[in-house]
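Please work through the exercises below with the sequence and the 3D view open beside you. Try each task before reading its solution.

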Amino acid sequence: MSHRICLLRGVNVGGVKVLMTELKTVADTLGLANPRTLLASGNLVVDSDAEPLDLEARLEAGIAARFGRPIEIMVRTPDQWAALIAANPFPQQAVTDGSRLLVMVMKARLADGALETLQGLAVGDERAAAVDGTLYLWCADGIGRSRMAEKAVPRLTGVGTGRNWNTVLRLAALACV
């Protein structure tokens with residue numbers, strides 16, 4: 001059996017509360033093996049051979065039933081996660097300060113024109129790049145201070161969820177990537 005990295009979008013911010021213990025309970029209820037979470041921001045790793053899209057649908061239905069609201073989920077295999085890490089267009093910045101590199105994992109594809117719009121919002125040393133449908137934002141002064149990161153919302157980019165580089169690497173370790 002392989003691992004699956006499951007990212008919930010927009011939880012524990014803006015009033016959408018999902019306790020990680022309850023998230024693990026949902027995974028158990030769905031028959032997913034060895035559920036484990038990282039931080040309190042909607043990171044779940046499970047053991048499953050399910051296809052990512054099938055697992056997304058199962059988890060979204062289980063979470064909606066448990067929490068009474070829809071929450072979008074992006075699921076990746078270990079190979080997909082390793083490819084996302086290898087494709088990082090900002091490797092030096094990742095080494096310098098991984099907390100300032102935002103990786104946006106998209107549900108489907110990046111919306112047309114989103115990259116160009118974000119690049120136009122970049123200030124100073126900020127940079128934006130897209131590789132194989134994943135959006136990478138280098139926020140030189142910090143993610144919380146970046147207008148570019150602030151505007152990377154579904155209305156502009158399409159549905160996705162962001163994790164800083166440090167979290168990306170911690171999820172890789174948790175999923176044995």
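The exercises that follow go from the whole chain to its pockets and then to single residues.

The model is a predicted one, in which local features need pLDDT of at least 70 and side-chain atom pairs count only at pLDDT 80 or more, while totals for chains, interfaces and linings use all residues. Residues are numbered from 1 along each chain as its sequence is written, and side-chain values use heavy atoms, with hydrogens and water left out.

**Exercise 1. Describe the protein chain as a whole.**

Step one is to list the elements: the protein chain has eight helices and eight strands, where helices (H or I, at least four residues) and strands (E, at least two) are DSSP runs numbered from the N terminus.

Step two is to compare the radius of gyration, taken over C-alpha atoms, with the globule rule, which is 2.2 Å times the number of residues to the power 0.38. The radius of gyration of the protein chain is 16 Å, close to the 16 Å that the rule gives for 177 residues, so the chain is as compact as a globular protein of that length. Along the principal axes, its C-alpha atoms fill a box of roughly 50 × 30 × 25 Å.

Step three is to look at burial and contacts. Of the 177 residues, 46% count as buried, where buried means under 20% relative accessible area, exposed over 50%, and partly exposed in between (1.4 Å probe, protein chains only). A contact means heavy atoms within 4.5 Å; among contacts between residues at least 6 apart in sequence, 70% join residues at least 24 apart.

**Exercise 2. Find the largest pocket and describe its lining.**

Step one is the term itself: on a 1 Å grid over the protein atoms alone, a pocket is an open set of points, where a 1.4 Å probe fits, with protein on both sides within 12 Å along at least five of seven lines, and lining residues have an atom within 4 Å of a point. The volume is the space filled by probe spheres set on the points, and for the largest pocket this is about 380 Å³.

Step two is to locate the lining, which is made of 19 residues, with Arg-9, Gly-10, Thr-161, Gly-162 and Arg-163 nearest the centre of the pocket. Strand S5 (101-106) and strand S8 (160-164) each supply at least two lining residues, and S8 gives the largest share, five residues.

Step three is to sort the lining by class, with Ala, Val, Leu, Ile, Met, Phe, Trp, Tyr, Cys and Pro as nonpolar, Asp, Glu, Lys and Arg as charged, and the others, Gly among them, as polar. The result is 10 nonpolar, seven polar and two charged residues.

**Exercise 3. Follow Arg-163 from the pocket lining into its surroundings: is this residue buried or exposed?**

Arg-163 is found in strand S8, and at 5% relative accessibility it counts as buried. Leaving aside neighbours within four places in sequence, Arg-163 is in contact with residues including Leu-7, Leu-8, Ser-41, Asn-43, Leu-101 and Val-168. Asn-43 is 120 residues from Arg-163 along the chain, yet their C-alpha atoms are separated by 9.4 Å.

**Exercise 4. Describe the second largest pocket, and then examine Asp-132 in its lining.**

The second largest pocket holds about 260 Å³ of space, and of its 17 lining residues Arg-76, Gln-80, Leu-84, Asp-132 and Thr-134 lie nearest its centre. Helix H2 (52-67), strand S4 (73-76), helix H3 (78-86) and strand S7 (134-138) each give two or more residues to this lining, which by class has 10 nonpolar, three polar and four charged residues.

Asp-132 sits in the loop between strand S6 (127-131) and S7, and at 77% relative accessibility it counts as exposed. Most residues other than glycine have a negative phi. Asp-132, although not a glycine, has a positive phi of about 50°.

**Exercise 5. Set Ala-64 beside Ala-65 in helix H2.**

Ala-64 is placed in helix H2 and is partly exposed, with a relative accessible area of 27%; beyond four places in sequence, it touches Arg-69 and Pro-70. Ala-65 is also placed in helix H2, but with a relative accessible area of 67% Ala-65 is exposed. From Ala-65 to Val-26 the separation is 39 residues in sequence and 9.3 Å in space, C-alpha to C-alpha.
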